[in-house]
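I opened this notebook to keep track of two things I wanted to look up, namely the cysteines and one of the helices. My entries follow in the order in which I checked them.

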Amino acid sequence: MQRRTVTPENAIVRLETLCARAEHCTYEMMTKLRNWGISGDDAEKIINHLIDNRFVDDLRFAQSFVRDRYRFSGHGRRKIAMALAAKRIPRDIIDSALDEIDPEIYFDNLRHIVSRKAAGLNLSVYDDRNKLYRHAISRGYESDLTVRAIKMHIAESRE
């Protein structure tokens with residue numbers, strides 16, 4: 001069974017429709033074009049068309065991605081930055097998008113993650129405190145914030 005080839009004109013329409021429904025980055029669009037068998041100059045022209053007509057904007061994508069990940073998924077800065085880097089977003093755009101994270105909401109998310117995980121642990125035992133620390137680090141939170149959140153949780157639970 002042979003796949004139907006997509007013409008460059010058809011690809012533009014399909015990608016514009018896709019971008020109108022949700023935010024996408026340049027790398028995702030290039031991947032789609034490659035999967036459709038479009039590469040080289042045609043792919044570059046299509047990507048430039050999408051950028052010129054504001055269907056694709058990596059900064060806007062990164063800002064939306066960061067907002068969703070830290071608010072809804074509870075991910076930390078490090079995990080979000082790695083996910084954006086995997087999507088070939090430039091480092092300066094990643095840094096700019098991460099700067100928009102509200103520090104209070106961010107720390108509240110971390111405290112919520114710590115308290116939820118700590119419910120099943122005995123924090124007077126070193127291994128359980130270490131398990132809690134590794135859990136928060138694996139979610140992408142910074143080490144210093146994680147230690148502060150754990151200490152706050154322990155202090156609050158003793159009261």
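Entry on the cysteines. I began with C25, which is buried, with a relative accessible area of 0%. I kept in mind that I am reading a predicted model. Next I turned to C19, and at 9% relative accessibility C19 counts as buried too, because the cut-off for that word is under 20%.

I then asked myself how many disulfides the structure holds. I found zero disulfides, and I wanted the reason. A disulfide is a covalent bond between the sulfur atoms of two cysteines. The cysteine sulfur closest to that of C19 belongs to C25, and I noted a distance of 9.6 Å, which is too far for a bond. I checked from the other side as well: C25 is in no disulfide, and its nearest cysteine sulfur, that of C19, is 9.6 Å away.

Entry on helix α5. I looked up which residues of α5, the helix of residues 77-86, are buried, and I listed I80, A81 and L84. Seen down the helix axis, these buried residues of α5 fall within an arc of 100°, so they line one face of the helix. I reminded myself that an α-helix has 3.6 residues a turn, so residues three or four places apart point the same way.

On the face of α5 turned away from the buried side I found the exposed residues R78 and M82. I also looked for what covers the buried residues of α5, and the cover includes α4 (58-73) and α6 (91-98). Last, I noted that α5 is followed by R88, whose phi is positive, near 60°.

Terms used: Residues numbered from 1 in each chain as written. Predicted model: local features only at pLDDT ≥ 70, side-chain atom pairs only at ≥ 80, totals over all residues. Heavy atoms only, no water. Buried < 20%, exposed > 50% of the residue type's maximum accessible area, 1.4 Å probe, protein only. Helix = DSSP H or I, 4+ residues; strand = E, 2+ residues; numbered from the N terminus. Arc of directions from axis to C-beta. Contact = heavy atoms within 4.5 Å. Disulfide = S-S within 2.5 Å.
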